[in-house]
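User: Please take a close look at the ligand site and describe its surroundings in one connected account.

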Amino acid sequence: MTEVRIIGDKLTNMPWQEKPSGTAGPVWRHSNNPVIQRNPAKGIARIFNSAVVPFEGRFAGVFRAETINGRPHLHLGWSDDALNWSIEEERIAFVDEAGKPFQPNYAYDPRVIKVDGTYYIIWCTDFYGAAIGAAKTQDFKTFVRLENPFLPFNRNGVLFPRKINGNYVMLSRPSDSGHTPFGDVFLSESPDFVYWGKHRHVMSKGGQGWWQSVKIGGGPAPIETTEGWLMFYHGVTGTCNGLVYSMGAVILDRDEPSKVKYRSANYVLTPEEWYEELGFVNNVVFPCATLHDAETGRIAIYYGAADTYVGVAYTTVQEIVEYVKETSEEVADDAGIGMM
Ligand code: BMA
């Protein structure tokens, strides 16, 4: 296959381990997972489903912290190597545009995406039920909340890392207010991050396999590659013992990302290790962030494990894109822009 490249910045200090021989799939786990264990800071019982970004030579993290009263909030963390994290005990202090305190009632599953020099934090917030919350920061000191982009109920808001055709583009997964037994991924555009429209269907749950038969949801911010936008996402199946969350990979059209170009029929990571199979919620891998290096094509995927830990997994852009193309299936009308 022709060479596949990441279109983006160098990140030579990102974590990396070579693929162990005998690895079956295109993604392999960090040998010392989980990288964040239980009770990682005073008042925090568990951290999972969290976001990391390079910032000024180090790494910043926005963490989903399940506090010791069981409610999730967002806490900041710092790391020199993106593996050993120091988590702040105080939750992130959000303010409104006028600088007044403006805390969400709860906040979970954050993504952090840099667009045009600003870091946007997108999470699941309380807006008369689960909906998408947003904030921005330049310096990881002041966090200004923005208008909630969409009506309730919605989860898994994922921003693209650059404007496309002049607009911000955000993926989301319309939901219900509970544990949502359905769900496809949609996208919406905005010229100003206030007014969102031009909604399009991106991809459906389902396919030949059963691993994504109940619902799917966006994961880390899509990575721009020479083959299109590479996105890891989660797919959910139902069992007599509850839901099982796996990770899939898809490639979206670069100019019209509501069109799926290739989508692997197989999961690329599924709960197999003790920290993925056993925890507060068993059998969950839930990717929310990547670090990647355009020079080498290396990708580190950060995922929540069993709603209890943070795990890291690796792949390269060449390996994952080849795999997705080789195992691609067309699901429903994903290849087009969908119903309107
Ligand atoms: C989803 C979200 C995730 C969580 C998953 C499994 O609905 O709430 O935060 O990891 O369920 O419990």
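Analyst: The account below begins with the ligand and then turns to a neighbouring topic, strand 7.

This is a predicted model, in which local features need pLDDT of at least 70, side-chain atom pairs count only at pLDDT 80 or more, and totals for chains, interfaces and linings use all residues. Residues are numbered from 1 along each chain as its sequence is written, and side-chain values use heavy atoms, with hydrogens and water left out.

The ligand is surrounded by Asn 49, Arg 64, Tyr 108, Asp 109, Tyr 245, Val 281, Val 284, Phe 286 and Asp 307 (a heavy atom within 4 Å). For Arg 64, a polar side-chain atom lies 2.6 Å from a ligand oxygen atom; a polar side-chain atom of Asp 307 is also placed 2.6 Å from an oxygen atom of the ligand. For Asn 49, the corresponding distance to a ligand oxygen is 2.9 Å. The protein buries 86% of the 300 Å² that the ligand exposes when taken alone (Shrake-Rupley method, 1.4 Å probe).

Strand 7 covers residues 107-115 (strands are DSSP E runs of at least two residues, numbered from the N terminus). Eight of its nine residues are buried (under 20% relative accessible area, 1.4 Å probe, protein chains only). Strand 7 pairs with strand 8, residues 118-126, in the antiparallel sense over seven bridges (pairing requires at least two DSSP bridges). Val 112 has Ile 121 in strand 8 as its bridge partner. Two residues separate the strands of this hairpin, where Asp 116 takes a positive phi near 50°.

Technical notes. Buried < 20%, exposed > 50% of the residue type's maximum accessible area, 1.4 Å probe, protein only. Helix = DSSP H or I, 4+ residues; strand = E, 2+ residues; numbered from the N terminus. Polar contact = N/O pair within 3.5 Å; in protein donor to acceptor, adjacent residues only side chain to side chain.
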